[in-house]
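Work through the exercises below with the sequence and the 3D view at hand. Try each task before reading its solution.

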Amino acid sequence: AVRFTLGGIKDSWTRLIWPGRPIGAGARKVHGITLESLEGAPTFAEVWPDLHAFLGDAVMVAHNADFDSRLLSAHLADI
């Protein structure tokens, strides 16, 4: 997540999250993330309070909004 102002990037938030299932070959190729790199990583539920605090009341904009909104909705339904 990145916070922007008219002057550019203001702040960013990044965490690796344990997906709870194997990572597909396509995702590994695109992102370079392996299951080994996620060992000990927190779950979405564990990082949500920090992400929520970072997002605050900001308007969210996404590159692949359909995917991102479905992903967030699915994880938030589990909390």
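**Chain overview**

Contacts (heavy atoms within 4.5 Å) between residues 24 or more positions apart make up 53% of the chain's contacts with a separation of 6 or more. This is a predicted model, where local features need pLDDT of at least 70, side-chain atom pairs count only at pLDDT 80 or more, and totals for chains, interfaces and linings use all residues. Numbering starts from 1 along each chain as its sequence is written, and side-chain values use heavy atoms, with hydrogens and water left out.

**Exercise 1. List the elements of the chain in order, and give the chain's extent.**

Step 1. Count the elements: the chain has three helices and two strands. Helices (H or I, at least four residues) and strands (E, at least two) are DSSP runs, numbered from the N terminus.

Step 2. Read them from the N terminus: β-β-α-α-α.

Step 3. Take the extent: the C-alpha trace spans about 40 × 30 × 25 Å along its principal axes.

Step 4. Add the surface: the accessible area is about 6300 Å², and carbon and sulfur atoms hold 58% of that. The area comes from the Shrake-Rupley method with a 1.4 Å probe; for residues, only the protein chains shown count as cover.

**Exercise 2. Describe how strand 1 and strand 2 pair.**

Step 1. Find the connection: a hairpin of two residues leads from strand 1 to strand 2.

Step 2. Give the sense: strand 1 pairs with strand 2 (residues 8–12) in antiparallel fashion, over four bridges. Pairing requires that DSSP finds at least two bridges between the strands.

Step 3. Match the residues. V2, in strand 1 (residues 2–5), faces S12 of strand 2. R3 is opposite D11 of strand 2.

Step 4. Check V2: its relative accessibility is 42%, so V2 counts as partly exposed. The classes are buried (under 20% relative accessible area), exposed (over 50%) and partly exposed in between, with a 1.4 Å probe and protein chains only.

**Exercise 3. Which residues make up the largest nonpolar core, and where does L51 sit?**

Step 1. Define the core: buried Ala, Val, Leu, Ile, Met, Phe, Trp, Tyr and Cys residues joined through side-chain atoms within 4.5 Å.

Step 2. Name the members. The seven residues are W13, F44, V47, W48, L51, F54 and L55.

Step 3. Place L51: it lies in helix 2 (residues 44–55). Its relative accessibility is 11%, so L51 counts as buried.

Step 4. Trace contacts, leaving out residues up to four places away in sequence: L51 touches A1, W13 and F44. With the neighbours within four places set aside, L55 contacts A1, R3, W48 and M60.

Step 5. Set this beside the whole chain: 13% of its 79 residues count as buried. In soluble globular proteins, nonpolar side chains tend to be buried together.

**Exercise 4. Which residues form the salt bridge, and how far apart are the closest N and O atoms?**

Step 1. Apply the cut-off: a side-chain nitrogen of Lys or Arg within 4 Å of a carboxyl oxygen of Asp or Glu.

Step 2. Count: the structure has one salt bridge.

Step 3. Identify the pair: D66 and R70, with closest N and O atoms 3.3 Å apart.

Step 4. Locate D66 and R70: both are in helix 3 (residues 65–77), four residues apart, about one turn of the helix.

Step 5. Check D66: at 48% relative accessibility, D66 is partly exposed.
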